[in-house]
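Welcome! Please take a moment to look over the sequence and the structure before you start, and keep both at hand while you work.

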Amino acid sequence: MKEITILWADDEIDLLKPNILFLESKGYKVITATNGQDAIDMVRSNNPDLVFLDEYMPGISGLQALEEIKASFPAIPVVMITKSEEENIMEEAIGSKISDYLIKPVHPKQILLSIKKSLENKKLITKKITSSYQSEFGKIGMAINSAVDFDDWTEVYRRLVYWEMELESSSDPGMNEVVAHQKQEANSEFAKFVKSNYASWFEENNSDKPVLSHNLFASTIIPLLEQPKKVVVILIDNLRYDQWKAILPDIREFYKVDREELYCSILPTSTQFARNAIFSGLMPWDIEKLYPQLWINDDEEGSKNPHEEELINKQLTRLGRSTQIYYEKVLHKKNGKKLSENISSVISNSLTVLVYNFVDMLSHARTEMDVIKELASNDAAYRSLTTSWFRHSYLLDLLKELASQDVRVVITSDHGSVRVDNPVKVVGDRNTTTNLRYKQGKNLNYNPKQVFEVRSPSKVHLPRTNVSSSYIFATGNDFFAYPNNYNYYANYYKNTFQHGGISLEEMLVPCIFLDPLK
């Protein structure tokens, strides 16, 4: 193990000899300096692992030395030691990104604790997180095996995401593999649950059905319109629950979370079906019957969601609401900037609905661009990329402005996505849909054990392009590949993020209610 070197700079270093001997007895190498300039020079020549820096020294002060050390060696942790308890000195030191702050006289155990906090923090955190997850592992496994309804599965998914994100910061890759395996096990059982229960969720007298895409507006958004505050609904296409958790810290600076719910996306978990269902308040089959001019089938050319504003208005009319709405789809930075700059005209309406497509664009770009594949190589990196976008987006600026205007915000999505790695063979004719996680067609050939098949689409309120058309859905980490050019497609799409099928990540969608901080 590498010997840890500590530089201790103090003009009364002789008085600290007992502390230095104590550290040396613990295996640390201690080098000393008696003024700020010597401390700077010794950092440059010795590259210590940690610096103890006295605030009051002759010549260059501790704070001045701290500034120079951090300018050249920002990664070296510095612990400031001072006799003063003045608040401004503490604030200046903390603002210079010190690792710790100690008040004289310091004691050996206090010093040892500071060293562990500064140098072994990640190791200690990893040990604690690993130990905590190990004790939770069995409980989560039991929850997976005993889940009988949608609420049970939302609780399982919340716990898995929590531990996945906790272990992300640890230095134990083995535990990351364990939680990934447990999530895979959960997805396998969740697929069985969906296969057994999905069709029953469309029975009128079923009181155990979850909130589905086509119920979302009526059950969650419309009640908010009874209150005096303006409401802005922000739908971030393809936003998963873990991605929401990743951007939450930035939102908490100006909003408090009133409620955090998970609803269930309909199948297929794709924009064409799920988002049209949200905005219309109808299942796709019913949209096609009631408003055939507003439904575009899989085999038709063009955008699959060109009538969203009209569908929202029709839903409000059916619900007996005469609410004036503002709707906009934000497809690029220019749209977002203009929106945030004209917020007063936007929120003059009782209800504003905004659609942001960046996360979905990121998902597709990751499939097609090698550089994005490198940047988002796994779930943790995918979350990180989403967070980076959000922190530099006009959406964040918009949320800040909405908070200042005391506007209530609902953040949700239409579906999530799952990282796929297992190709499953399926054969279809030339009219079969191209989505990798679901297929619609009349001559589908597949192994029924590997999919969720829907031979009578009308039972789950899905349209069909042909009287004999059926649907199949991939589960877990599977994706569909044709036998022709099988190896090419299997390799090209492996380890990409896809949606349309059955998984916790795709179907359990966040719906967040935010109230501005006063």
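The exercises below walk through this predicted model, each followed by a worked solution.

**Exercise 1. Find out how many helices and strands the chain has, and what share of its residues is buried.**

Solution.
- Step 1: Start with the secondary structure, which comes to 21 helices and 18 strands.
- Step 2: Turn to the extent of the chain: along its principal axes, the C-alpha trace spans about 90 × 50 × 40 Å.
- Step 3: Look at burial. The chain has 518 residues, and 54% of them count as buried.

**Exercise 2. Describe how strand β9 is paired and whether its residues are buried or exposed.**

Solution.
- Step 1: Locate β9 at residues 351-356.
- Step 2: Look for pairing with β6, residues 231-236. Six bridges join β6 to β9, and the two run parallel. One bridge pair is Leu-235 with Val-355 of β9.
- Step 3: Look for pairing with β8, residues 325-330. Here too the sense is parallel, over six bridges. Lys-329 has Val-355 as its bridge partner in β9.
- Step 4: Recall the general rule that strands of a sheet pair through backbone hydrogen bonds, either parallel or antiparallel.
- Step 5: Sort the side chains of β9. Leu-351, Val-353 and Val-355 point one way, while Thr-352, Leu-354 and Tyr-356 point the other way. Residues on both sides are buried, so six of the six residues in β9 are covered, with buried meaning under 20% relative accessible area.

**Exercise 3. Work out the strand order of the open sheet that contains β13, β14 and β15.**

Solution.
- Step 1: Write the order as β13-β15-β14, with antiparallel pairing.
- Step 2: Identify the edges. These are β13 (438-441) and β14 (452-454), each of which pairs on one side only.
- Step 3: Add the twist, which averages 15° from one strand to the next.
- Step 4: Zoom in on β13 and β15 (residues 470-473), which are joined by four bridges. Within this pairing, Gly-441 has Ser-470 of β15 as its bridge partner.

**Exercise 4. Describe the second largest pocket: its volume, its lining and the elements that contribute to it.**

Solution.
- Step 1: Note the volume, about 450 Å³.
- Step 2: Turn to the lining, which has 19 residues. Those nearest the centre of the pocket are Glu-164, Asn-176, Ala-180, Asp-379 and Arg-419.
- Step 3: Assign elements. Two or more lining residues come from each of α7 (150-168), α8 (173-197), α18 (379-391) and β11 (418-420). The most come from α8, with seven residues.
- Step 4: Sort by chemistry: the lining has five nonpolar, five polar and nine charged residues.

**Exercise 5. Which contacts does the side chain of Asn-206 make?**

Solution.
- Step 1: Find Asn-206 in the loop between α8 and α9 (216-221).
- Step 2: Check burial. The relative accessible area of Asn-206 is 16%, so this residue is buried.
- Step 3: Follow the side chain of Asn-206 to the backbone oxygen of Ser-200, at 2.9 Å.
- Step 4: Follow that side chain also to the backbone nitrogen of Asp-208, at 2.8 Å.

**Exercise 6. Examine the backbone at Asn-47, Asn-238, Pro-105 and Pro-268.**

Solution.
- Step 1: Keep the usual case in mind: most residues other than glycine have a negative phi, and most peptide bonds are trans.
- Step 2: Look at Asn-47, in the loop between α2 (36-46) and β3 (50-54). Its phi is positive, about 45°, and at 48% relative accessibility Asn-47 counts as partly exposed.
- Step 3: Move to Asn-238, in the loop between β6 and α10. Its phi is also positive, about 75°, but Asn-238 counts as buried, at 0% relative accessibility.
- Step 4: Inspect the bond joining Lys-104 and Pro-105, which is cis with omega about 0°. Pro-105 sits in the loop between β5 (100-103) and α5 (108-119).
- Step 5: Finish with the bond from Leu-267 to Pro-268, which is cis with omega near -5°. Pro-268 belongs to the loop between β7 (255-264) and α11 (271-280).

Terms used
Residues numbered from 1 in each chain as written. Predicted model: local features only at pLDDT ≥ 70, side-chain atom pairs only at ≥ 80, totals over all residues. Heavy atoms only, no water. 1 Å grid on protein atoms, 1.4 Å probe; cavity = no way out; pocket = protein on both sides within 12 Å on 5 of 7 lines; lining within 4 Å. Points joined across faces, edges and corners; volume = space filled by probe spheres on them. Nonpolar A, V, L, I, M, F, W, Y, C, P; charged D, E, K, R; others polar. Pairing = 2+ DSSP bridges. Axes fitted to C-alpha atoms, helices over the stretch in contact; angles between N-to-C directions. Buried < 20%, exposed > 50% of the residue type's maximum accessible area, 1.4 Å probe, protein only. Polar contact = N/O pair within 3.5 Å; in protein donor to acceptor, adjacent residues only side chain to side chain.
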